[in-house]
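Work through the exercises below with the model in view. Try each task before reading its solution.

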Amino acid sequence: MQAYRDQYASLFRDGDGVTLIGISNDSAEALASWAADDNFPFLFGSDPDGSAYTAFGGNPRVGGMAGSRAVIVVGPDGRIAHVMETFNQVDPSAYDELKAAIDAVTP
């Protein structure tokens, strides 16, 4: 997620008008610590049993846990504008998809 953080300003217009939420099965405490330590400019959602991830269309692993982090884009109107079931921070095409989603909901 550090690569994601480092591209945030250029790809996401410093988050102007949008909210990004990364959902994973990590504990709330672990996510809060990680976010604080690495100064992430977006939100994390803890989903230990995978139910939120599944509700957004992700495929749970055995045991119900999310197989990877999902990224949710919330537009300026407060509605979910885009869901990436799987976000691979080292895959450049993931950023292309996310930038297109941001561009679609921001002026």
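**Exercise 1. Describe helix α4: its length, its buried side and its exposed side.**

Step 1. Helix α4 covers residues 92–105, which makes 14 residues. From first C-alpha to last it reaches 21 Å, close to the 20 Å expected at 1.5 Å a residue. Keep in mind that this is a predicted model.

Step 2. Find the buried residues of α4. They are Ala94, Tyr95, Leu98, Ala101 and Ile102. These cover an arc of only 125° around the axis, so they sit on the same side of α4.

Step 3. Now turn to the face of α4 directed away from that buried side. Exposed residues there are Pro92, Asp96 and Ala104.

**Exercise 2. Lay out the sheet and its pairings.**

Step 1. Read off the strand order. The sheet is open, has four strands and runs β2-β1-β3-β4, with mixed pairing.

Step 2. Pick out the edges. β2 (43–46) and β4 (80–84) are the edge strands, each pairing on one side only. From one strand to the next, the twist averages 25°.

Step 3. Check the partners of β3. Strand β1 (residues 19–24) runs antiparallel to β3, and five bridges join them. Here Ile23 stands opposite Ala70 of β3. β3 and β4 are also antiparallel, with four bridges. In this pair, Val74 faces Ile80 of β4.

Step 4. Place the helices. α2 packs on the sheet and touches β1 and β2. The direction of α2 makes about 165° with that of β2. α4 lies across β1, β3 and β4, at about 175° to β4.

**Exercise 3. Is β3 enclosed or open to the outside?**

Step 1. Count its buried residues, where buried means under 20% relative accessible area. Five of the five residues of β3 are buried, so the strand is largely enclosed by the rest of the structure.

Step 2. Sort the side chains by direction. Ala70, Ile72 and Val74 point one way from β3, while Val71 and Val73 point the other way.

**Exercise 4. Find the nonpolar cores and say which element gives the most to the largest.**

Step 1. The largest nonpolar core holds 16 residues. Phe44, Val73, Met84, Phe87 and Leu98 have the most contacts inside it.

Step 2. List the contributors. α2 (28–38), β3 (70–74) and α4 each supply at least two residues of this core. α4 gives the most, with five residues.

Step 3. Look for a second core. Another one, of five residues, lies apart from the largest, and Ile23, Ala70, Ile72 and Val74 are among its members.

**Exercise 5. Trace the link from β3 to β4 and locate its glycines.**

Step 1. β3 and β4 form a hairpin with five residues between them. In the turn, Gly78 has a positive phi of about 85°.

Step 2. Gly75 lies in the loop between β3 and β4. Its relative accessible area is 7%, so Gly75 is buried.

Step 3. Find what surrounds Gly75. Leaving aside neighbours within four places in sequence, Gly75 is in contact with Gly17, Ala81 and Val105. Take Gly17: along the chain, Gly75 and Gly17 are 58 residues apart. Yet their C-alpha atoms are separated by 6.6 Å.

How values were computed:
Residues are numbered from 1 along each chain as its sequence is written. This is a predicted model: local features need pLDDT of at least 70, side-chain atom pairs count only at pLDDT 80 or more; totals for chains, interfaces and linings use all residues. Side-chain values use heavy atoms; hydrogens and water are left out. The expected span of a helix is 1.5 Å times one less than its number of residues. Buried means under 20% relative accessible area, exposed over 50%, partly exposed in between (1.4 Å probe, protein chains only). The arc is that of the directions from the helix axis to the C-beta atoms. A nonpolar core is a set of buried Ala, Val, Leu, Ile, Met, Phe, Trp, Tyr and Cys residues joined through side-chain atoms within 4.5 Å. Two strands pair if DSSP finds at least two bridges between them. Axes are lines fitted to C-alpha atoms, for helices over the stretch in contact, and angles run from 0 to 180 degrees between N-to-C directions. Contact means heavy atoms within 4.5 Å.
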